[in-house]
Amino acid sequence: MSQNPPNLRPDLAPRLVIDSPRREGQPTIGMVSLGCPKALVDSERILTRLRAEGYAISPDYSGADAVIVNTCGFLDSAKAESLDAIGEALRENGRVIVTGCLGVEPDYITGAHPKVLAVTGPHQYEQVLDAVHAAVPPSPDPFVDLLPATGVRLTPRHFSYLKISEGCNHACRFCIIPDMRGKLVSRPERAVLREAEKLVEAGVRELLVISQDTSAYGTDWKGETRFPILPLARELGQLGAWVRMHYVYPYPHVRELIPLMAEGLILPYLDIPFQHAHPDVLKRMARPAAAARTLDEIAAWRRDCPDITLRSTFIVGYPGETEAEFQTLLDWLDEAQLDRVGCFQYENVAGARSNALPDHLPDEVKQDRWDRFMQKAQAISEAKLAAKVGHRLEVIVDEVDAEGATCRTKADAPEIDGNLFIDNGFEGLAPGDILTVEVEEAGEYDLWGRPV
């Protein structure tokens, strides 16, 4: 069992879980999936297509005929991580195909690693398959190679990411996602629901709804005047699984999701990237500059759904951020009392308009502000968790070992939030079980409890 400290990269997806037996003579592909859960879904789709064509999936380099590296290009640190992963795959395997967000800069990749077999951009599934076919020709056996109804999944069997759209229509100065992944393109509602139904039928107990801008889902459809995320959320809530909403941009219609949470149709959990609280910083980010009204919205959400958990991410050290502006952010956090918080130190990203802003801050100032921000966020988290001691909560089991069971409450998303640990009475529990526990102890980010 392991505790979840706050992560400097709250965009990271859970680690891959690959379990794919191989028949004799079957061509085999390895996968390294970096970046956010949206990229993890892309990896699942690629591997599902390859499995349908008769390829096996290798959990290590040595068992693979070639390796696909699905890269992240969101931050310079993520780009460096992607280049390191490509280099490792080349050293360990030698036959590497690169895809993902960093693939929009093929010269950047081949300049560092000229021996890669091919480079493709994000969600270019056909080009990835073409590259795999060229490197490792398929050899399907239709009598042996059976594809699960849910396709290939890289997460534990009891939860799954459900991507409802691609791209983004915002123009935040620090972000290049629209350049890499394009404008908003929403999946048809019937396709999303069909996928969700198949997942639940296959044993998934928790659906994590993701996109770049979840609350904008369907607003790109011609003639659409309503907000399709609302009926979609209601339909998903009828399937009998936990439904968790991620990356919800704070549009006014988000308040209409709250009654669905109060009814128990979707989890009382909102992941909203506020990014900052000072209006001038938000304007320099090209974000909505209405932090005061946001506090009013938060108060209304909590009034209508007292159990709601609010998660957000912030950027500190943005170009031009003064000490007074940063203090406004700290004061806002004191008022907002958010339950779960992640934080980035600002980094330049090639192609981002924020690079040209004046008054970039030294690294030591950014680090100091990150430390102070996380210290305050930690204190808020510790106090909120302490208030849960003695309460009974519903939890989902993620992992069971000889020491106990690692679980999550409805307030905790996989990997990025905390855990609830059961040290006694965990015998007979299995991943995916949902049970009620009484909280006996609380830490800074995690809880301990016993089944009741």
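This report describes a pocket, three helix pairs and one loop residue in a predicted model.

## The largest pocket

The largest pocket holds about 790 Å³ of space, and its lining is made up of 44 residues. Of these lining residues, Phe74, Cys175, Ile177, Gln212 and Gln275 are the ones that lie nearest the centre of the pocket. Sorted by class, the lining contains 24 nonpolar residues, together with 9 polar and 11 charged ones.

Several elements that are separate in the sequence take part in this lining, for at least two residues each are supplied by helix H1 (37–52), helix H5 (177–181), strand E12 (309–316) and strand E13 (340–345). The largest share comes from H5, which gives 5 residues to the lining of the pocket.

## Helices H1 and H4

Helix H1, already named as a contributor to the pocket lining, also packs against helix H4, which spans residues 125–135. The two axes lie 10 Å apart and form an angle of about 50 degrees, which means that H1 is oblique to H4. The crossing in which H1 passes H4 is right-handed.

On the H1 side, the contact is made by Asp42, Arg45, Ile46, Arg49 and Leu50, while H4 brings Tyr125, Glu126, Val128, Leu129 and Val132. Taken by class, the residues of this contact are 6 nonpolar and 4 charged, with no polar residue among them.

## Helices H6 and H7

Helix H6 (residues 189–201) and helix H7 (residues 229–236) have axes that come within 11 Å of each other and cross at roughly 20 degrees. An angle under 35 degrees counts as roughly parallel, and H6 and H7 are therefore roughly parallel to each other. Their crossing is right-handed.

The residues that make this contact are Glu189, Val192, Leu193 and Ala196 from H6, which meet Pro231, Leu232, Glu235 and Leu236 from H7. In the contact of H6 with H7 there are 6 nonpolar and 2 charged residues, and no polar ones.

## Helices H11 and H12

Further along the chain, the axes of helix H11 (residues 323–336) and helix H12 (363–386) come within 10 Å and cross at roughly 10 degrees. This pair too falls into the class of roughly parallel helices, because of its crossing angle.

From H11, the contact draws on Glu323, Phe326, Gln327, Leu329, Leu330, Leu333 and Asp334, and from H12 on Arg369, Arg372, Phe373, Lys376, Ala377 and Ile380. These residues divide into 7 nonpolar, 1 polar and 5 charged.

## Leucine 357

Leucine 357 is placed in the loop between strand E13 and helix H12; E13 is one of the elements that supply residues to the lining of the largest pocket, and H12 is the helix that packs with H11.

When residues up to four places away in sequence are not counted, leucine 357 touches Arg284, Tyr318 and Pro319. Leucine 357 can also be compared in position with histidine 170, for although their places lie 187 residues apart along the chain, the C-alpha atoms of the two are separated by 18 Å.

Definitions and conventions
Residues numbered from 1 in each chain as written. Predicted model: local features only at pLDDT ≥ 70, side-chain atom pairs only at ≥ 80, totals over all residues. Heavy atoms only, no water. 1 Å grid on protein atoms, 1.4 Å probe; cavity = no way out; pocket = protein on both sides within 12 Å on 5 of 7 lines; lining within 4 Å. Points joined across faces, edges and corners; volume = space filled by probe spheres on them. Helix = DSSP H or I, 4+ residues; strand = E, 2+ residues; numbered from the N terminus. Nonpolar A, V, L, I, M, F, W, Y, C, P; charged D, E, K, R; others polar. Axes fitted to C-alpha atoms, helices over the stretch in contact; angles between N-to-C directions. Parallel < 35°, antiparallel > 145°, perpendicular 65-115°, else oblique. Left-handed = near helix turned anticlockwise from the far one by under 90°. Contact = heavy atoms within 4.5 Å.
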